[in-house]
Amino acid sequence: MKFIEGTRVVTEGELEANGITRYQVTKFYREQVRTSGYYDQLRYIVEPSFDEFESSGNLDTSGEHDNTVMPGLQHKYAQTGLLLVTDRCASYCRYCFRKRIVGKHSDEITTDFTQIARYISNHPEMTNVLLSGGDPFVLSTAKLDKILDHLLPIPHLDSIRFGTKAIAYQPKRFEDPALPALFQRIHETGKASVVVTHFDHIGEISVDAERNIRSLRAQGVQFLNQSVLLAKVNDDPEILAATFAKCHQMGVRPYYLFQGRPVKGASHFQVSLRRGTEIARGINQRLSGIQKTFKYIMSHYTGKIEILDLVADGRVYMRYHQNKTPEKIGKIFSRPYLEGACWLDDLPEA
């Protein structure tokens with residue numbers, strides 16, 4: 001198998017034991033990376049590295065199993081339902097936090113949309129659903145339409161989200177002439193259609209991606225962007241500020257900057273919380289007020305934690321952006337910082 005550092009003979013068992021996914025990248029993205037001027041950074045997103053063999057961690061860092069109410073449906077936060085509609089992606093990110101699912105025949109994928117719609121209908125507190133996976137846009141538009149058949153009649157759903165990196169990997173997918181009608185169906189039921197893009201680096205934003213985003217925005221589709229803070233890729237405030245500024249220019253609102261997760265086979269991408277807070281501060285110093293719409297987030301087992309700062313008293317200050325217990329949301333808390341800590345569990349509670 002080819003790695004960034006060279007060729008290595010490995011067995012299927014060795015790959016499985018180390019949480020290493022197979023290499024797959026679209027021709028479009030491979031060319032985009034090579035001509036972007038950022039190849040030395042962007043190659044780490046899709047090309048395997050020997051570092052993956054040394055990356056400890058687990059394959060469910062956010063407690064997805066514990067929040068699964070039926071196959072393919074997670075209900076961690078009251079207002080949101082997360083549907084895993086496929087275990088496939090156009091390309092496979094080396095830092096993926098769902099390595100246990102993607103590229104495999106997973107039993108965690110949604111199979112019974114009738115049952116899922118019944119559950120959502122019985123939970124009026126759920127106001128939005130996120131279609132994820134895998135990447136929902138590897139499915140045909142016809143398949144997505146069939147999923148919407150079950151979701152659109154539910155009156156208390158006010159938005160349908162699609163989480164995707166396909167706009168970076170295969171932007172031609174969004175030129176499907178059937179796609180505008182799918183989003184129009186959502187609008188006609190009085191719901192918002194929201195596409196959450198995944199640009200980690202300005203070098204991933206192709207001319208084709210920008211053109212297709214602008215076209216869909218003109219048809220009423222809302223766009224947000226989430227990025228992951230990745231060592232060797234984008235751990236640079238200049239790069240991320242440029243990425244977020246470009247997103248803003250295209251009408252894509254910077255939404256989350258995720259702290260890398262301690263995922264088996266991918267924890268080498270983690271950046272220390274000290275460095276992460278420095279980067280987040282550096283990004284904000286480079287953006288105008290209307291561009292500062294991102295939150296620096298740790299998607300932890302206990303909830304989505306906004307990382308505020310590491311201050312002079314040696315403590316990391318945080319607050320819950322989302323939590324299963326509503327009373328905890330918005331409350332600021334802190335923990336002593338230990339040098340090199342990358343995750344909440346690395347910080348002592350004292």
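## A tour of the sheet, its pockets and its cysteines

Strands S4 and S5 form a hairpin, with five residues between them. Helices here are DSSP runs of H or I with at least four residues, strands are runs of E with at least two, and both are numbered from the N terminus. Two strands count as paired if DSSP finds at least two bridges between them.

A quick word on ground rules. Residues are numbered from 1 along each chain as its sequence is written, and this is a predicted model, where local features need pLDDT of at least 70, side-chain atom pairs count only at pLDDT 80 or more, and totals for chains, interfaces and linings use all residues. Side-chain values use heavy atoms, with hydrogens and water left out.

**The big picture**

Strands of a sheet pair through backbone hydrogen bonds, either parallel or antiparallel. In this model, twelve strands form an open sheet in the order S3-S4-S5-S6-S7-S8-S9-S10-S11-S12-S13-S14, and the pairing is mixed. At the edges stand strand S3 (68-70) and strand S14 (332-336), each with a single partner strand, so one side of each has no neighbour in the sheet.

**Around S5**

Back to that hairpin: strand S4 (residues 73-74) and S5 run antiparallel and are joined by two bridges, with Gln74 standing opposite Leu82 of S5. On the other pairing, S5 and S6 are parallel over five bridges, and Leu84 has Ser132 in S6 as its bridge partner. To get from S5 to S6, the chain passes through helix H4 (residues 113-121), in a right-handed β-α-β crossover. Right-handed means that, with the strands pointing away from the viewer, the path from the first strand over the helix to the second runs clockwise.

Is S5 covered or open? S5 is mostly covered, with five of its five residues buried. (Buried means under 20% relative accessible area, exposed over 50%, and partly exposed in between, using a 1.4 Å probe and protein chains only.) In a regular strand the side chains alternate between the two faces of the sheet. In S5, Thr80, Leu82 and Leu84 point one way while Gly81 and Leu83 point the other way, and all are buried.

**Around S9**

Strand S9 (residues 222-229) has six of its eight residues buried, so the rest of the structure largely encloses it. Strand S8 (residues 192-197) runs parallel to S9, joined by four bridges, and Thr197 has Asn225 in S9 as its bridge partner. The chain goes from S8 through helix H8 (residues 207-217) to S9, and this β-α-β crossover is right-handed. S9 is also joined to strand S10 (residues 253-259), in parallel, by six bridges; Val228 has Phe258 in S10 as its bridge partner. Here the chain crosses through helix H9 (residues 237-250), again in a right-handed β-α-β crossover.

Further along, strand S11 (residues 295-300) and strand S12 (residues 303-310) run antiparallel with four bridges, and Met298 has Ile305 in S12 as its bridge partner.

**Pockets**

Now for the empty space. On a 1 Å grid over the protein atoms alone, a pocket is an open set of points where a 1.4 Å probe fits, with protein on both sides within 12 Å along at least five of seven lines, and lining residues have an atom within 4 Å of a point. Grid points are joined across faces, edges and corners, and a volume is the space filled by probe spheres set on the points. For the classes, Ala, Val, Leu, Ile, Met, Phe, Trp, Tyr, Cys and Pro count as nonpolar, Asp, Glu, Lys and Arg as charged, and the others, Gly among them, as polar.

| Pocket | Volume | Lining by class |
|---|---|---|
| Largest | about 1,000 Å³ | 21 nonpolar, 18 polar, eight charged |
| Second largest | about 280 Å³ | six nonpolar, four polar, six charged |

Which residues lie nearest the centre of the largest pocket? Of its 47 lining residues, they are Phe97, Arg98, Ser132, Gln226 and Arg261. S10 gives the most to this lining, with four residues. The second largest pocket is lined by 16 residues, and Glu16, Ile20, Thr21, Arg22 and Lys104 are the closest to its centre.

**Cysteines**

How many disulfides does a search of the whole structure find? Zero. A disulfide here is a pair of cysteine sulfur atoms within 2.5 Å. The cysteine sulfur nearest to that of Cys93 belongs to Cys96, 6.5 Å away. For Cys96, the closest cysteine sulfur is in Cys89, and 6.3 Å is too far for a bond. Cys93 is buried, at 13% relative accessible area, and Cys96 is buried too, at 16%.
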